[in-house]
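Biologist: I'm new to this one. Could you walk me through how to read it?
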Amino acid sequence: MVFLLEPIMIPEVLRLPFTSVRPVGILFLVMVGGYFLWSVTRKGPLRVREWEFSVPKASLIVTQVALASLDWMLAGSILYALLLPVPPFLSLVFLESSC
């Protein structure tokens, strides 16, 4: 959702076929939506040769998405707090204590 609401520009140095992360956001939402629809419409297990995978319930997928979103929000908040510039009054304290 962040890639759609506040898309950042991709530097031209990377030479990607797009200049914004908006297409990546659309791709991610389509993947999550497809995963959810797959779990709602498919009733039996998924079989690949001799392997069998059970289909998760829709409530489990909603929980997975909610917990993953919370995890990313907390990690981003922690990085934001750690990477903030030092306020001017604290920089004087650090400079005086290092002398």
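Modeller: Sure, let's begin with a general idea: a crossing is left-handed if the near helix is turned anticlockwise from the far one by less than a right angle, and right-handed if clockwise. Here, in a predicted model, the crossing in which α2 passes α3 is right-handed.

Biologist: Okay, and at roughly what angle do the axes of α2 and α3 cross?

Modeller: Roughly 160°, and the axes come within 9 Å. α2 covers residues 22-41 and α3 covers residues 58-82. Angles over 145 degrees count as roughly antiparallel, so that is how α2 and α3 lie to each other.

Biologist: Which residues in α2 meet α3?

Modeller: From α2 you have Val32, Tyr35, Phe36, Ser39 and Val40. They meet Ala58, Ile61, Val62, Gln64 and Val65 in α3. Sorted by class, this contact has eight nonpolar residues and two polar ones, with no charged residues.

Biologist: Let me step back. How many helices and strands are there in the chain?

Modeller: Four helices and two strands. Walk along from the N terminus and the order is α-α-β-β-α-α.

Biologist: And what share of the chain's residues count as buried?

Modeller: The general idea is that buried means under 20% relative accessible area. In this chain of 99 residues, 8% count as buried. You can also ask about contacts between residues far apart in sequence: of the contacts with a separation of 6 or more, 16% are between residues 24 or more positions apart.

Biologist: Let's try single residues. Is serine 20 buried or exposed?

Modeller: Serine 20 has 15% relative accessibility, so it counts as buried. You'll find serine 20 in the loop between α1 (2-5) and α2.

Biologist: What does serine 20 touch, leaving out residues up to four places away in sequence?

Modeller: With those set aside, serine 20 touches Pro7, Ile8, Met9 and Ile10. There's also a link to arginine 22: the serine 20 side chain reaches the backbone nitrogen of that residue at 3.2 Å.

Biologist: Now for the other loop. Where is arginine 49 found?

Modeller: Arginine 49 sits in the loop between β1 (46-48) and β2 (51-53). Look at its backbone too: phi of arginine 49 is near 55°, a positive value in a residue other than glycine.

Biologist: Is arginine 49 buried or exposed?

Modeller: Use the other cut-off here: exposed means over 50%. Arginine 49 has a relative accessible area of 79%, so it is exposed.

Technical notes:
Residues are numbered from 1 along each chain as its sequence is written. This is a predicted model: local features need pLDDT of at least 70, side-chain atom pairs count only at pLDDT 80 or more; totals for chains, interfaces and linings use all residues. Side-chain values use heavy atoms; hydrogens and water are left out. Axes are lines fitted to C-alpha atoms, for helices over the stretch in contact, and angles run from 0 to 180 degrees between N-to-C directions. Angles under 35 degrees count as roughly parallel, over 145 as roughly antiparallel, 65 to 115 as roughly perpendicular and the rest as oblique. Contact means heavy atoms within 4.5 Å. Ala, Val, Leu, Ile, Met, Phe, Trp, Tyr, Cys and Pro count as nonpolar, Asp, Glu, Lys and Arg as charged, and the others, Gly among them, as polar. Buried means under 20% relative accessible area, exposed over 50%, partly exposed in between (1.4 Å probe, protein chains only). A polar contact is a pair of N or O atoms within 3.5 Å; within protein, one must be able to donate a hydrogen and the other to accept it, and residues adjacent in sequence count only if both atoms are side-chain atoms.
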